Amino acid sequence: MRLDRFLSGQTALSRRELTALIRSGAVTVNGASVRKPETPVTPETDHITLKGAPVKYEPFHYILMHKPCGILTAARDAKQQTVMDLLKPEDRLQKLAPVGRLDRDTSGLLLITDDGQLAHQVLSPKHHVTKYYAARLRDPFQEVYISQFYAGIMLREGDREEQALPAECVQLDERTALLAIQEGRYHQVRRMFAAAGNFVEDLLRLQIGGLFLPPDLPAGGTVRIFHKETASLWKKPDISEVKRFFIDNYSSYWIKDTI
Ligand code: URA
């Protein structure tokens, strides 16, 4: 791979800026200054630095966002602000896209990546990746939700009724529920509570598998993670563990997360 191509995949600098930097001697390959942008490099094994800092090779990029309410989950939109507009300038890399969708009025954990295969696996119904949501309800939580959701509540799909997959649910406080679902149907959590006779006023996604919303990440904030950290997507933490984590880390601020 050409040196300038490698660097443009790992940084948000333009090809033109990179060419100028390389020509100025700001880049080394295995300890030697290299001034030709077309120099061939082997990203997996070569040690490359830019302005003295090592450029770590990551074939794909993974960004965790604390999606705020009121922002569209889409790669782009002609009229409305999207989650991609919230990315830091250095993260605006080509081919990044959100993995699945959160409704405009849902906040919480959103994974953004250019790893299409991983995105496909997370979204595939075959993999049953568990998503954990805290739902603030209009009316008090009812014990019966636990068994109704576990049995698979009926949801209207067009002119048919379909049974949702079993979902786990526990109570967090008088009007807040924690729900673990394995599907990603349109407005799923809101429709599940509507089918049970309640209404979701606020919805926060806390976790995808074992990958959690960093409690210190403000709404609209992002943090990069490494590929090895995505392994936790396939875990299925016990809902009681997630409940403990929620109570210890988020309960005081999660509702005030609009920007
Ligand atoms: N369920 C919903 O109803 N909305 C979301 O954004 C995610 C899950």
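**Exercise 1.** In which loop does H61 lie, and is H61 buried or exposed?

*Solution.* Keep in mind that this is a predicted model.
Step 1: Find the strands β4 (53–54) and β5; H61 sits in the loop between them.
Step 2: Look at the relative accessibility of H61, which is 5%. Buried means under 20%, so H61 counts as buried.
Step 3: Now look for its partners, leaving aside neighbours within four places in sequence. H61 is in contact with G9, Q10, L93, L96, I112, T113, D114 and R224.

**Exercise 2.** Take I112 from that list and find out which residues have the most contacts inside the largest nonpolar core.

*Solution.* Step 1: The largest nonpolar core has 32 residues, and those with the most contacts inside it are I112, F149, L179 and F193.
Step 2: Among the elements that each supply at least two residues of this core are β7 (106–113), α4 (144–151), β12 (176–181) and α5 (188–195).
Step 3: Apart from this core lies another one, of 26 residues, including V99 and L172.
Step 4: Back to I112: beyond its neighbours within four places in sequence, its contacts include H61, Y62, V83 and L96.

**Exercise 3.** Describe how domain 1 and domain 2 meet, starting from the area buried between them.

*Solution.* Step 1: The domain assignment gives domain 1 (3–54) and domain 2 (62–254). Their C-alpha centres lie 38 Å apart.
Step 2: Four residues from domain 1 and four residues from domain 2 take part in the contact.
Step 3: About 200 Å² is buried between the two domains, and carbon and sulfur atoms give 61% of that area.
Step 4: Check for salt bridges across the interface: the rule finds zero. The count of residue pairs in polar contact, both at pLDDT 80 or more, is zero.

Conventions: Residues are numbered from 1 along each chain as its sequence is written. This is a predicted model: local features need pLDDT of at least 70, side-chain atom pairs count only at pLDDT 80 or more; totals for chains, interfaces and linings use all residues. Side-chain values use heavy atoms; hydrogens and water are left out. A nonpolar core is a set of buried Ala, Val, Leu, Ile, Met, Phe, Trp, Tyr and Cys residues joined through side-chain atoms within 4.5 Å. Buried means under 20% relative accessible area, exposed over 50%, partly exposed in between (1.4 Å probe, protein chains only). Helices (H or I, at least four residues) and strands (E, at least two) are DSSP runs, numbered from the N terminus. Contact means heavy atoms within 4.5 Å. Domain bounds come from an automatic or database domain assignment. Buried area is the accessible area (1.4 Å probe) that two parts lose on being put together, summed over both. A salt bridge is a side-chain nitrogen of Lys or Arg within 4 Å of a carboxyl oxygen of Asp or Glu. A polar contact is a pair of N or O atoms within 3.5 Å; within protein, one must be able to donate a hydrogen and the other to accept it, and residues adjacent in sequence count only if both atoms are side-chain atoms.
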